[in-house]
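The following note is offered to a colleague who is meeting this structure for the first time. Please read the points below alongside the sequence and the model.

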Amino acid sequence: MTVPDTRSPDRARVAPVYGPDAAGRWLRGGAPWPVLAAASLVYALSVWQEASAGRLGVDNAVVVRAARTLLDGGSPYADKRFLYPPGAVFAAVPETLLTDRGVSLVAPAATALLVLVAVVTALRIFGVRADSRLAALTVAGLGAFLPLRSVVHLANWTVFSALAFPAALLLARRGRWGGAGVVVGVAIALKPILVPLLLLFVLARRWRALARAVGVPLVVSLAAAWAMPRPGLFFTRTLPFLLHGQDAYARPYDAAWPSVLPRLGIPPSLASLLAVAAAVAVLGFARLRWRRGGDEGLRLVECAALLMLAAFLVSRPSFLHYALVVVPALVASVVVRGAAARSVWFWLPLLPQVAGVNWPELQSAERHAFKDFVMFTGATAALCAAVWRARPQPAREVTVSGDAYSLCSDPDPRNHSGTR
C-alpha cells in the first residue's frame with residue numbers, strides 16, 4: 001500500500017532547514033586563549049595603525065564643534081558640515097570638556113571599543129559566546145576590514161547605529177519589542193541611519209514598539225531644538241544640503257546608486273530610477289524573508305539587513321562605514337544552517353574591502369566608492385538570492401518495502417483515490 005504526498009504535486013513543499021549542524025557547533029565552541037589573544041592583537045594593531053594617521057576623528061570633531069558653538073550661544077546648524085539631528089548636539093556636550101587633542105585620541109578608541117561591543121551583541125542573538133571560535137574569527141577579520149578602519153579613523157557616529165542594530169534585534173529575539181523600539185529610537189535621535197528598521201516593526205505588527213521607535217527621536221529632537229538658537233536652519237540649510245547628496249567634497253565617497261551610476265556613464269535620471277526600482281525590489285525580498293519564518297534570530301537579522309541595504313542602495317549618501325551596521329550580525333548568523341551568510345556569494349563582495357590588497361585603478365580615495373558600490377550591491381544580491389532559493393521545493397518520495405513515504409510531514413495522509 002502506498003501513501004503519497006498529501007498535496008498536489010505543484011503544491012508539495014518542504015521548508016528550508018534551519019538549526020545547528022557540525023559547522024555551527026564548531027564555530028560556537030570555545031577558542032583557545034592564544035587564538036583569542038592573536039585575534040585581539042590583530043584588531044588592536046589595526047586600530048593603532050589608524051590612530052597614528054593624520055586628521056584623526058574629523059567627523060566626530062564636527063559634532064563637538066557644534067556642541068561648543070551651542071555652549072557659546074550660537075546655532076550648531078550655522079555650520080553646513082553639521083548634519084546630525086538636534087539631539088546629537090547635547091550628546092556631544094561631555095566631549096567639550098576635553099581638549100582638541102584629547103577628543104582626537106579618545107573618540108577613535110571609544111569607537112573601536114563600541115564596535116567590539118556590537119560584535120559581542122550580534123553573537124548573542126544566536127547564543128554564541130564572546131570567547132568562541134566565531135568571535136575570534138570575526139574580531140580578526142574586522143581588523144582587516146576597511147569599513148572598521150574608516151569608522152575608527154573618522155570616529156563617525158555611525159558606530160552608535162552599528163551597536164543599536166544588533167542590540168535591538170537581540171531584544172526582539174527575546175520578545176522585548178518595546179525595548180527594541182527604544183533602542184532604535186535613541187539611535188535615530190543621534191543619527192537617523194536606522195530609520196529603515198522601522199519597517200521591521202511594521203512587518204512584525206509591533207505597533208507599540210513602533211510608536212516608541214518613532215516617539216523617542218521625535219521628543220528628543222523637539223526638546224533639543226527648543227533649547228538651541230535658530231533651529232530652523234536645519235530645514236532651510238542642512239536638510240537641502242543632505243537631499244542634494246552633500247557637495248563635491250563628500251560626493252566621491254558616496255556608494256549609493258544615484259551617485260555611482262552616473263560616474264559609469266548612466267544618465268542621472270535613469271540612475272535614480274534604477275536605484276528606486278532596486279530598493280523597492282529589495283524591500284519585497286525583505287517582506288518575503290519575514291514571511292518565510294524559520295529560525296527567529298536568523299529571520300530578524302536577514303530581514304533587518306535587507307531593509308537597511310535597500311536604503312543604502314538608494315539613499316544619498318551611503319558611505320563605506322555603513323557596512324558595519326549589518327555585517328557583524330550577518331557574520332554571526334553563519335552558525336545557523338540555511339543562513340545566507342554561508343553562501344560564498346555573500347563573502348565575495350566583501351573581498352575588495354580587505355586592507356592591504358591593491359586593486360588597480362581603485363586605490364585612490366575618490367575611486368574607493370566603486371568598491372563600496374560592489375560591496376553593498378553584491379551583499380544585497382546575495383541575500384535576495386538566498387531568499388529566492390529558499391522557496392519551498394517539491395517534496396520527494398522514498399519507497400520502503402513497497403510503500404512510498406513523503407519526506408514532508410503530513411499528519412493526515414490521503415489514499416490513492418484522493419479522499420481523506
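1. Ala155 is a suitable starting point: this residue is buried, with a relative accessible area of 2%. The model in which it is found is a predicted one. Ala155 belongs to the loop that joins helix 7 (146–154) to helix 8. Its phi is near 50°, which is a positive value in a residue other than glycine.

2. Arg230 invites a parallel reading. Its phi, near 55°, is likewise positive in a residue other than glycine, and Arg230 is placed in the loop between helix 11 (207–226) and helix 12. Is Arg230 buried or exposed? With a relative accessibility of 57%, Arg230 counts as exposed, whereas Ala155 is buried.

3. Helix 12, which follows that loop, spans residues 233–243, and its buried residues are Leu233, Phe234, Thr238 and Phe241. Viewed down the helix axis, these buried residues fall within an arc of 100°, so they line one face of helix 12. Phe235, Thr236 and Leu243 are exposed on the other side of the helix.

4. The pairing of helix 8 with helix 9 merits separate attention. Two packed helices are described by the angle between their axes and by the distance between those axes. For helix 8 (residues 158–173) and helix 9 (residues 177–190), the axes come within 8 Å and cross at roughly 170°. An angle over 145 degrees counts as roughly antiparallel, and helix 8 and helix 9 are therefore roughly antiparallel to each other.

5. Which residues form this contact? From helix 8 come Phe160, Ala164, Ala167, Ala168, Leu171 and Ala172. They meet Trp177, Gly179, Ala180, Val183, Val184, Ala187 and Leu190 of helix 9. The residues of this contact divide into 12 nonpolar, 1 polar and no charged.

6. One peptide bond should be noted when the backbone is inspected. The bond from Arg316 to Pro317 is cis, with omega near 0°. Pro317 is situated in the loop between helix 15 (296–314) and helix 16 (327–332).

7. Finally, the confidence of the prediction should be considered. The protein chain has a mean pLDDT of 86, and 86% of its residues reach 70 or more. Over residues 1–16, however, the pLDDT is below 50, and this stretch has 41 contacts in the model beyond near neighbours in sequence. Residues 393–420 also stay under 50 in pLDDT; for them the model has 54 contacts beyond four places in sequence.

Note on methods: Residues are numbered from 1 along each chain as its sequence is written. This is a predicted model: local features need pLDDT of at least 70, side-chain atom pairs count only at pLDDT 80 or more; totals for chains, interfaces and linings use all residues. Side-chain values use heavy atoms; hydrogens and water are left out. Buried means under 20% relative accessible area, exposed over 50%, partly exposed in between (1.4 Å probe, protein chains only). Helices (H or I, at least four residues) and strands (E, at least two) are DSSP runs, numbered from the N terminus. The arc is that of the directions from the helix axis to the C-beta atoms. Axes are lines fitted to C-alpha atoms, for helices over the stretch in contact, and angles run from 0 to 180 degrees between N-to-C directions. Angles under 35 degrees count as roughly parallel, over 145 as roughly antiparallel, 65 to 115 as roughly perpendicular and the rest as oblique. Contact means heavy atoms within 4.5 Å. Ala, Val, Leu, Ile, Met, Phe, Trp, Tyr, Cys and Pro count as nonpolar, Asp, Glu, Lys and Arg as charged, and the others, Gly among them, as polar. pLDDT is the predictor's confidence in each residue, from 0 to 100.
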